Amino acid sequence: MIIDHRTYDFHPGKMKAWIDVYEEYALPLQKKYLGNFIGFFTTEVGPINQVTFMWGFQDAGDRERRRAEMEADPGWAEFARRSSELGALKQQTDKLIRPVSFSPIQ
C-alpha cells in the first residue's frame, strides 16, 4: 500500500470556503473513484490555514489509474473551476508515503 499524503496551504481567511467547496464537489467524486479515504485534517497547533488529507492505494499505478478516471469526470472540472474562482490555495504539497511493517495502517 502507498498513501497519497497531501498538504494544502491557504491564503488567510479562505480555507473554510475552500473546505466547503471541496466537501460538496470534490469529496463525493474522490470517494467514488479513489476509494480508500484515510482522513482529512486541519492544523490545531503549528502552521495555520492548512489542511492535510490522505488516500490509500495499492501502488503508484493504482493511484494513477484512479486519479485519471476521476479527472475525466465532468464533475471534477466543476470542482476545479469553483476552487480556482476562490483563489484560496497558496501552495500544495503531495507526497507518496509507504507504511512500515509495524504501522497500524497497512
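Helices here are DSSP runs of at least four residues, numbered from the N terminus. With that in hand, a look at this predicted model can start from its sheet.

Four strands make up an open sheet, lined up as β2-β3-β1-β4 with antiparallel pairing. At the edges sit β2 (36-42) and β4 (89-97), each of which pairs on one side only. Neighbouring strands in this sheet are turned against each other by 15° on average, direction ignored. Between β2 and β3 (residues 50-57), which run antiparallel, there are six bridges; Asn36, for instance, has Gly56 in β3 as its bridge partner. Lying across β1 (2-10), β3 and β4 is helix α2 (residues 60-72), which runs at about 55° to β1.

Now for the charged side chains. The whole structure holds 12 salt bridges. Within helix α2, Arg65 takes part in a salt bridge with Asp62 (3.0 Å, N to O), and Glu69 meets Arg65 in another (3.2 Å, N to O). Glu69 and Arg65 are four residues apart in helix α2, so about one helical turn separates them. Arg65 is partly exposed, at a relative accessible area of 42%, and Glu69 is partly exposed too, at 37%. Asp62, however, counts as buried at 8% relative accessibility, since the cut-off for buried is under 20%.

Back in the sheet, Arg6 and Asp94 form a salt bridge through their side chains (3.3 Å, N to O). Because Arg6 lies in strand β1 and Asp94 in strand β4, this pair ties together parts 88 residues apart in sequence. Arg6 is buried, with 10% relative accessibility, whereas Asp94 is partly exposed at 36%.

Definitions and conventions. Residues numbered from 1 in each chain as written. Predicted model: local features only at pLDDT ≥ 70, side-chain atom pairs only at ≥ 80, totals over all residues. Heavy atoms only, no water. Pairing = 2+ DSSP bridges. Helix = DSSP H or I, 4+ residues; strand = E, 2+ residues; numbered from the N terminus. Axes fitted to C-alpha atoms, helices over the stretch in contact; angles between N-to-C directions. Contact = heavy atoms within 4.5 Å. Salt bridge = Lys/Arg side-chain N within 4 Å of Asp/Glu carboxyl O. Buried < 20%, exposed > 50% of the residue type's maximum accessible area, 1.4 Å probe, protein only.
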